[in-house]
Amino acid sequence: MKYSPHTDKDKKEMLAAIGASSAESLFEAIPEGLRAGKLDLPEGISELELKKSIHDKADKNYSTNKLISFLGGGAYEHHIPQVVESIISRGEFLTAYTPYQAEASQGTLQAIYEYQSLICELTGMDVANASMYDGASALAEAVLLAVRETGRKRVIFPESLHPEYRQVVRTYMSGYKVEFTEIPHAGGVYDEAVLKKEVDGDTACVIVQNPNFFGCIEHADRIESICHAKGALLIASVNPISLGVLRSPGEYNADIAVGEGQPLGIPLCYGGPYLGFFAVKEKHMRRMPGRVAGVTKDMDGKRGFVLTMQAREQHIRREKATSNICSNEGLMALAACVYLSSVGREGIKETARQNVMKSHYMKEKILKLSGFELFSDAPFFNEFVVRCGKDPEKIIGDLLKHGIMGGLPLGRFYPGMKNCMSICVTETKSKAEMDKFAEVLSKH
Amino acid sequence: MLKVEKLIFEIGSAGRKGYSLPKLDVPDADMKELIPEDLLRKSEAALPEVSELDCVRHFTRLSQLNYSVDTNFYPLGSCTMKYNPKINEKMASLPQFADLHPYQPESSVQGMLELLYETEQMLCKICGMDAFTLQPAAGAHGELTGMLIVRAYHTSKGNPRKKVIIPDSAHGTNPASAALCGYEVVAVKSDRNGRIDLDALKAVVDGETAVMMLTNPSTLGLFEKNVRQIADIVHKAGALLYLDGANMNALVGIARPGDMGFDICHVNLHKSFSTPHGGGGPGSGPVGVTAALSDYLPVPRVKIKRNRFILDAESKKSVGRVRAFYGNTGVIIKAYCYMKSLGGDGLKDATIEAVLNANYLKARLKGHYALAVDDEPCMHEFVLTGKDKKDFGVKTLDIAKRLLDYGFYAPTIYFPLIVEEAIMIEPTETESKDTLDSFVETMIKVANEARSEPGLLTSAPHSTPVRRLDEVLAARELNLRWKRPGA
């Protein structure tokens with residue numbers, strides 16, 4: 001298949017207009033010695049052949065579509081209303097560029113503005129940007145903001161922070177002289193006594209993940225007091241669906257709220273593309289990374305939207321920019337915007353409520369089984385950790401044979417938790433599916 | 001055409017719903033019995049209250065306010081706005097890809113891992129590199145990954161070094177990525193044709209130089225003929241050479257960065273490999289390296305072990321993770337489909353036709369607009385300057401806005417920074433001669449209008465959903481979100 005439209009006649013006429021003998025001659029600037037030989041790739045194929053070969057590959061996968069999944073750990077299976085896919089697959093959104101020419105990009109710009117507003121409403125923060133790559137890189141950029149703004153060197157995070165997020169923060173900060181302090185958990189949540197001892201005048205920020213990687217809900221307000229008492233910034237990394245019931249970062253006075261926006265209408269898609277959301281208190285907005293859309297007027301006084309606060313960005317500030325980010329996750333932000341509009345005020349609460357009720361039903365079922373006990377008594381949202389009598393890696397292999405996927409064995413992240421696995425239940429699981437899961441587990 | 005659309009918050013009605021969930025089939029309880037009250041939300045989020053139809057109409061109308069590749073020609077320089085094949089969208093959305101959880105057991109995702117592995121292999125062949133990571137989520141993310149690799153490499157030799165050399169014609173992401181990695185940026189001047197001045201380069205390269213970041217072809221659309229000499233100068237100082245692969249659409253199938261002496265390169269799947277831009281992402285910015293640097297690539301890496309594909313997170317030298325999970329796999333699937341569809345010869349033909357299109361536009365426009373440089377054929381893009389139009393009181397911005405009136409998106413403007421009133425044009429290979437001809441006629445018409453009726457340009461656009469927008473007002477009176485009345 002080829003997508004270029006030129007006929008031989010077109011090419012001839014174009015070459016004549018250029019005054020060149022052949023299209024190949026246009027590459028004369030590339031020295032002979034640097035020309036590649038024939039590209040060692042197979043011949044092109046037709047659409048029909050492509051479809052067959054991709055289906056062959058796809059059929060080697062077993063998706064959550066066919067299996068009953070209880071996997072979470074930073075990526076969550078939620079119901080996605082059909083409108084989300086229908087809107088984001090419209091060519092006018094899908095194939096548009098970053099809205100540099102605002103007058104020809106009002107659809108994208110207004111949607112970004114609405115997305116920013118929805119994220120602010122959900123998180124209780126003042127200002128949000130147009131999106132980051134994912135939850136982990138959004139957190140890393142938040143740490144960067146805190147270190148630059150405070151001029152301090154210590155970054156404090158809990159052991160219960162998503163292990164991959166911890167790695168990403170360290171990677172991003174590897175060029176900076178910062179010191180990381182990991183606070184152990186006590187019963188699944190922040191050990192506040194240790195935290196209190198560690199936070200000092202050189203602490204740039206304290207990170208709280210809520211709910212944390214073990215699914216536990218943190219006492220964010222108490223962490224806030226400890227953090228702000230020493231003038232450090234509080235960074236909250238939150239699950240957006242949980243905010244349908246849980247206290248918002250704005251309500252516990254966080255300085256920066258970030259998180260993985262995938263639960264907001266974005267398919268699991270083996271880990272990406274996802275959506276990092278990023279929101280701040282107004283006093284930090286000039287240091288915020290990423291694009292921002294704002295309201296303005298046109299020459300006739302009519303409302304319109306443009307990218308604004310661009311003096312922070314790389315194309316203006318180059319090495320002095322607040323971040324190197326250029327492309328964000330525009331289409332994924334649109335998905336979140338349509339999702340939040342579609343489920344709306346009631347839907348976000350009901351979805352969150354069903355997550356709580358169903359996961360608690362599952363917990364009760366599992367606790368009745370012999371050989372399983374709860375890792376923590378802390379309150380949770382839609383995910384909890386159980387200790388198993390057997391090696392969880394073995395259990396999940398067996399579950400797979402019964403068409404069930406999950407939970408997530410935690411030994412691969414925490415060497416001390418080899419007998420633990422986390423189990424996630426969202427609104428997508430029926431009582432019958434949970435009963436089946438419990439029944440298969442009961443044989444272990 | 002509909003000209004103004006209300007905000008989603010301005011439509012709907014209290015109590016209106018546009019969603020459905022199954023009835024709760026487990027015992028309901030008082031929330032406070034399960035989660036202590038002090039952990040529960042106090043004030044509700046004021047999300048919209050709209051019906052499904054309200055929602056569909058609102059966003060459909062918004063979409064109609066956009067220009068897009070599906071509806072308009074986008075001659076945006078350095079952005080490679082080629083056609084985004086529909087079949088690739090369909091393939092990436094198959095449930096056996098779209099519904100895969102990133103923590104599924106490897107045995108249940110063999111098809112996915114195989115596709116990722118093959119994509120890496122194809123990119124290695126196209127770029128002449130020995131290993132690739134598909135993790136970075138965008139070009140700038142790839143640059144950051146590249147700079148982290150540079151730092152890790154030099155650190156392993158005992159000194160991370162201090163400086164990154166970047167031409168003054170480079171994309172703004174280059175210096176920003178280097179700075180994010182803690183490096184000091186040293187700009188090196190380009191000559192009048194936008195090529196690296198070798199003497200100027202020699203003068204700044206020393207034992208503290210970690211890497212030079214180079215875009216080839218340059219942002220002026222010219223191949224860097226001296227690239228081997230540049231590589232020698234840089235390598236002699238023990239430094240590395242990095243390719244910003246934003247302009248790979250001029251090279252695929254023709255020349256390979258690895259053969260030119262680059263140690264690291266990123267490619268933009270959303271440019272050269274046809275994946276849609278989505279109004280600003282998601283992109284994907286895979287990074288390739290030579291064998292000597294492969295151990296520094298981010299983890300996890302896709303590998304084969306006992307005839308099975310695995311994700312290997314073990315590597316002592318790795319820079320670590322640059323994001324959670326593996327990468328923008330939904331984007332990678334589309335690029336894979338593109339490479340498979342075109343095949344080796346097709347990819348090369350696409351490059352040739354992209355360069356043909358650019359040279360055709362250049363040849364037809366040069367009598368009407370001044371060229372930034374004109375010493376030879378351009379590659380996939382070229383740069384005009386609007387400075388002679390200033391005599392009529394018309395700026396490049398006005399030309400750009402006037403093009404919108406005629407149904408064309410504007411070229412990239414005011415970039416590269418080394419060209420005054422720059423107009424950077426990249427047609428890509430998927431535009432037909434008819435479209436290019438109609439663009440040329442419009443550009444000529446606009447040039448004539450600049451002379452005869454400059455007011456038409458300075459007050460443009462006239463036929464877009466809104467007229468020229470006041471950016472200064474937006475920056476002065478910041479309004480970055482809707483607020484509920486009374487809040």
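Are B:F408 and B:F439 buried or exposed? Take a look at the views below, which come from a predicted model.

**View 1. Two phenylalanine rings meet edge-to-face in chain B.** B:F408 is buried, and B:F439 is buried too. Across all chains, the structure has 20 aromatic pairs. One of them is B:F408 with B:F439, whose ring centres sit 5.3 Å apart, with 75 degrees between the planes. B:F408 belongs to the loop between α12 (396–405) and β12 (412–413) of chain B, while B:F439 is part of helix α13 (residues 433–452) of chain B, so this pair ties together parts that are 31 residues apart in sequence.

**View 2. Ring pairs join residues of chains A and B into a cluster.** From chain A, look for A:F213, A:F214, A:Y274, A:F375, A:F413 and A:Y414. From chain B, B:Y103 and B:F325 are linked in as well.

**View 3. Acidic residues make a negative surface patch on chain B.** Its members are B:D30, B:E33, B:E37 and B:D38. Let's pick out B:E37: you'll find this residue in the loop between α1 (31–34) and α2 (52–63) of chain B. B:E37 counts as exposed because its relative accessible area is 54%, and the cut-off for exposed is over 50%.

**View 4. Chain A is built from 13 helices and 17 strands.** Along the principal axes, the C-alpha atoms of chain A fill a box of roughly 80 × 55 × 50 Å. Chain A has 444 residues, and 66% of them count as buried.

Terms used: Residues are numbered from 1 along each chain as its sequence is written. Chains are lettered from A and ligands numbered from 1 in the order in which they are written. This is a predicted model: local features need pLDDT of at least 70, side-chain atom pairs count only at pLDDT 80 or more; totals for chains, interfaces and linings use all residues. Side-chain values use heavy atoms; hydrogens and water are left out. Patches are made of residues with over 30% relative accessible area and no salt bridge: like charges are joined within 9 Å, nonpolar side chains (Val, Leu, Ile, Met, Phe, Trp, Tyr) within 5 Å. Accessible areas come from the Shrake-Rupley method with a 1.4 Å probe; for residues, only the protein chains shown count as cover. A salt bridge is a side-chain nitrogen of Lys or Arg within 4 Å of a carboxyl oxygen of Asp or Glu. Lys and Arg count as positive and Asp and Glu as negative; His and the chain ends are not counted. The place of a charge is taken as NZ of Lys, CZ of Arg, CG of Asp or CD of Glu. Helices (H or I, at least four residues) and strands (E, at least two) are DSSP runs, numbered from the N terminus. Buried means under 20% relative accessible area, exposed over 50%, partly exposed in between (1.4 Å probe, protein chains only). Rings of Phe, Tyr and Trp (its six-membered ring) pair if their centres lie within 6.5 Å; planes under 30 degrees apart count as stacked, over 60 as edge-to-face and the rest as tilted.
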